Amino acid sequence: MLSYHRAVCWYVRRPFYFLIEQLLEEHMVPVEASRELTEAVKAMKEYLDTHYEESISLDTLSKISKMSRYQLLRLFTREVGVSPYRYLQSIRIAKAKRLLEQGEAIGKLALDCGFSDQSHFTNYFKSFIGITPKQYQSIFTQKRSELDE
């Protein structure tokens, strides 16, 4: 009986999560649109945007920005609004969401997006998005099958 209750709760919540995500994507103003970033932060963001699938350390970002690890953490967080690690994870999650929407296998996309393994990806995805990758993917596979009918 409990599993039936969970299934019904998930069925009711799923459209809500999807609606919230769509509203956020359509109406959020990016942080960088509201202020000018320093060259060091621009360089770090560019590096994170293009090397998200790699393991990136603060030492690497320190070399790119020519700052100490502590200076770059404070500056990046002040200008972007989140830490470099959180920014990197948001890039990885955004890429993973696109691949999930296309029906990509979860284990493969976890590695392709820079996560150490599927378990790490699933835990982080759920804490970041609020639902598991499989639940997220099923929203799009169900939507595609409804459109095919």
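Phe16, Tyr17, Ile20 and Leu24 make up a nonpolar patch on the surface of this predicted model, and together they expose about 350 Å² of accessible area. Phe16 sits in helix 1, which covers residues 2–27. A bit of helix geometry is handy here: an α-helix has 3.6 residues a turn, so residues three or four places apart point the same way.

Zooming out, the protein is built from 9 helices and 0 strands, so to speak an α-α-α-α-α-α-α-α-α run from the N terminus on. Of its 149 residues, 32% are buried. The accessible surface comes to about 9,600 Å², with 57% of that belonging to carbon and sulfur atoms. As for contacts between residues at least 6 apart in sequence, 57% join residues at least 24 apart.

Now for the inside. The largest nonpolar core has 17 residues, and Leu100, Leu109 and Phe121 have the most contacts within it. Helix 6, helix 7, helix 8 and helix 9 each give two or more residues to this core, and helix 6 supplies the largest share, 4 residues. A second core, separate from that one, has 16 residues, including Ala40, Ile56, Leu61 and Phe76.

Here are the two cores next to each other:

| Core | Size | Some members |
|---|---|---|
| Largest nonpolar core | 17 residues | Leu100, Leu109, Phe121 |
| Second, separate core | 16 residues | Ala40, Ile56, Leu61, Phe76 |

Take Leu100 from the largest core. Leaving out neighbours within four places in sequence, Leu100 is in contact with Ile106, Leu109, Phe121, Phe125, Pro133, Tyr136 and Gln137. Leu100 is also one of the buried residues of helix 6, among them Tyr87, Leu88, Ile91 and Ala96. Polar and charged side chains are on that buried list too, including Gln89, Arg92 and Lys97. Helix 6 itself runs over residues 84–101, and its 18 residues reach 26 Å from first C-alpha to last, close to the 26 Å expected at 1.5 Å a residue. Just after helix 6, Gly103 takes a positive phi of about 90°.

Over in the second core, Ala40 is worth a look. Ala40 belongs to helix 3, residues 39–50, and counts as buried because its relative accessibility is 16%, where the cut-off is under 20%. Setting aside residues up to four places away in sequence, Ala40 touches Ser65, Met67 and Leu75. Its C-alpha is also 8.4 Å from that of Leu72, although the two residues are 32 apart in sequence.

Notes: Residues numbered from 1 in each chain as written. Predicted model: local features only at pLDDT ≥ 70, side-chain atom pairs only at ≥ 80, totals over all residues. Heavy atoms only, no water. Patch = residues over 30% accessible without salt bridge, like charges linked within 9 Å, V, L, I, M, F, W, Y side chains within 5 Å. Areas by Shrake-Rupley, 256 points an atom, 1.4 Å probe, with all protein chains shown as cover. Salt bridge = Lys/Arg side-chain N within 4 Å of Asp/Glu carboxyl O. Buried < 20%, exposed > 50% of the residue type's maximum accessible area, 1.4 Å probe, protein only. Contact = heavy atoms within 4.5 Å. Expected span 1.5 Å × (residues − 1). Core = buried A, V, L, I, M, F, W, Y, C linked by side-chain atoms within 4.5 Å.
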